[in-house]
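Work through these exercises with the model open beside you. Try each task before reading its solution.

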Amino acid sequence: MSQRHLSILLGLAASVLLVSAHADDLDAATRAAARKVAIGTCENCHGPEGHSILPKYPVLAGQHANYLAAQMHAFKAQTRGDPDALGYMWGMAATLDDDLITGLADYYSRQKPEAGKLVGGPALAHGKDLYLNGDPANGIPACATCHGPGAEGSDAFPRLAGQHSQYLIKQLKSFQSNLRNVAVMHGVAQGMKSEEMEAVALYLQSLGPKA
Ligand code: HEC
Ligand code: HEC
């Protein structure tokens, strides 16, 4: 990928997550309401405190609040269009008002992230190389440029460390096909082969909070 192409992607990325969750403004009642919904509803799929067990359901623990809130708004606006998003999250998000979304994003961002399962054998080294260096000859940028050297993410980019590989692979395919329509990640995923998605996802799953 050329420098120019990368700077276009970075520009697109900066415009994606400008919605701020304003967690400092949260009052005690909003926090309590969010906790109640998290334990009573979200936990059924996303696990206790967002530590999901089944790979279909993404881990939410330790994810950044801005990103979580942006995704809940995208499900609610029905703009995140993968069939699982539609089937599981559109209806769920329809019932959440702005305060509850901010409260839930704050709740999950405060939970401690953990490493996922270590599997993958030789694919892990390939995944690590792709993550840190990309494959410039085939137009794949280094993921670390945006998601951080340990995939810890930031206010502007989601955490990927410790996420289920099955979920990560599915998202990369959805970005590639534009079912999940995000220009910056479409640009990243468009040249990726299935084996590359799998290798990078297995590497990411194995990472702990401070990799
Ligand atoms: C019936 C199961 C189910 C329940 C209950 C559920 N979710 Fe989800 N959630 C999913 C699935 C499946 C996905 C992944 C969708 C996809 O693959 O695009 C998801 C994705 C998400 C994401 C996107 C995560 C990311 O990394 O992009 C967020 C945020 C989220 N859910 C929040 C919530 C919250 C908050 C609640 C409770 C109000 C909740 N979910 C309840 C099944 C569920
Ligand atoms: C130019 C910046 C940039 C680069 C480089 C980049 N990403 Fe992303 N990535 C993003 C942004 C921004 C999002 C959030 C998209 C959204 O708002 O839905 C994202 C989201 C994702 C998600 C979805 C996470 C979730 O919880 O659903 C995955 C998976 C992902 N990126 C993997 C990768 C991989 C693997 C690479 C390297 C091959 C990579 N990214 C390179 C900016 C980038």
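**Exercise 1.** How many nonpolar, polar and charged residues does the lining of the second largest pocket have, by class?

Solution. This is a predicted model, where local features need pLDDT of at least 70, side-chain atom pairs count only at pLDDT 80 or more, and totals for chains, interfaces and linings use all residues. Residues are numbered from 1 along each chain as its sequence is written, chains are lettered from A and ligands numbered from 1 in the order in which they are written, and side-chain values use heavy atoms, with hydrogens and water left out.

- Step 1: find the space. On a 1 Å grid over the protein atoms alone, a pocket is an open set of points with protein on both sides within 12 Å along at least five of seven lines, whereas a cavity is a set where a 1.4 Å probe fits but cannot get out.
- Step 2: take the lining, meaning residues with an atom within 4 Å of a point. It holds 15 residues, of which Ser52, Gly116, Lys117, Gly162 and His164 lie nearest the pocket centre.
- Step 3: sort them. Asp, Glu, Lys and Arg count as charged; Ala, Val, Leu, Ile, Met, Phe, Trp, Tyr, Cys and Pro as nonpolar; the others, Gly among them, as polar. The result is five nonpolar, eight polar and two charged residues.
- Step 4: add the volume, the space filled by probe spheres set on grid points that are joined across faces, edges and corners. For this pocket it is about 260 Å³.
- Step 5: check the domains, whose bounds come from an automatic or database assignment. Domain 1 (3-13 + 116-206) and domain 2 (19-109) each give at least three residues to this lining.

**Exercise 2.** Where does the largest cavity lie relative to domain 1 and domain 2?

Solution.

- Step 1: count. There is one cavity of 30 Å³ or more. The largest cavity holds about 70 Å³ of space.
- Step 2: read its lining. Among the residues are Val59, Leu60, Pro113, Glu114, Arg159 and Leu160. By class, the lining has six nonpolar, three polar and two charged residues.
- Step 3: place it. Both domains give residues to the lining, so the largest cavity lies between them.

**Exercise 3.** Which residues are the protein donors of the iron atom of ligand 1?

Solution.

- Step 1: apply the cut-off. Donors are N, O and S atoms within 2.8 Å of the metal (3.2 Å for Na, K and Ca); water is not among the atoms, so sites may look incomplete. His46 (NE2) and Met89 (SD) qualify, 2.0 to 2.3 Å from the iron.
- Step 2: locate them. His46 is in helix H2 (residues 28-46) and Met89 in helix H4 (residues 83-94), 43 residues apart. Helices are DSSP runs of H or I, at least four residues, numbered from the N terminus.
- Step 3: judge burial (buried is under 20% relative accessible area, exposed over 50%, partly exposed in between; 1.4 Å probe, protein chains only). His46 counts as buried because its relative accessibility is 11%. Met89, at 19%, is also buried.

**Exercise 4.** Which residues coordinate the iron atom of ligand 2?

Solution.

- Step 1: name them. They are His147 (NE2) and Met185 (SD), at 2.1 to 2.3 Å.
- Step 2: locate them. His147 sits in helix H7 (residues 144-147) and Met185 in helix H9 (residues 183-189), 38 residues apart.
- Step 3: judge burial. Both His147 and Met185 are buried.

Conventions:
Helices (H or I, at least four residues) and strands (E, at least two) are DSSP runs, numbered from the N terminus.
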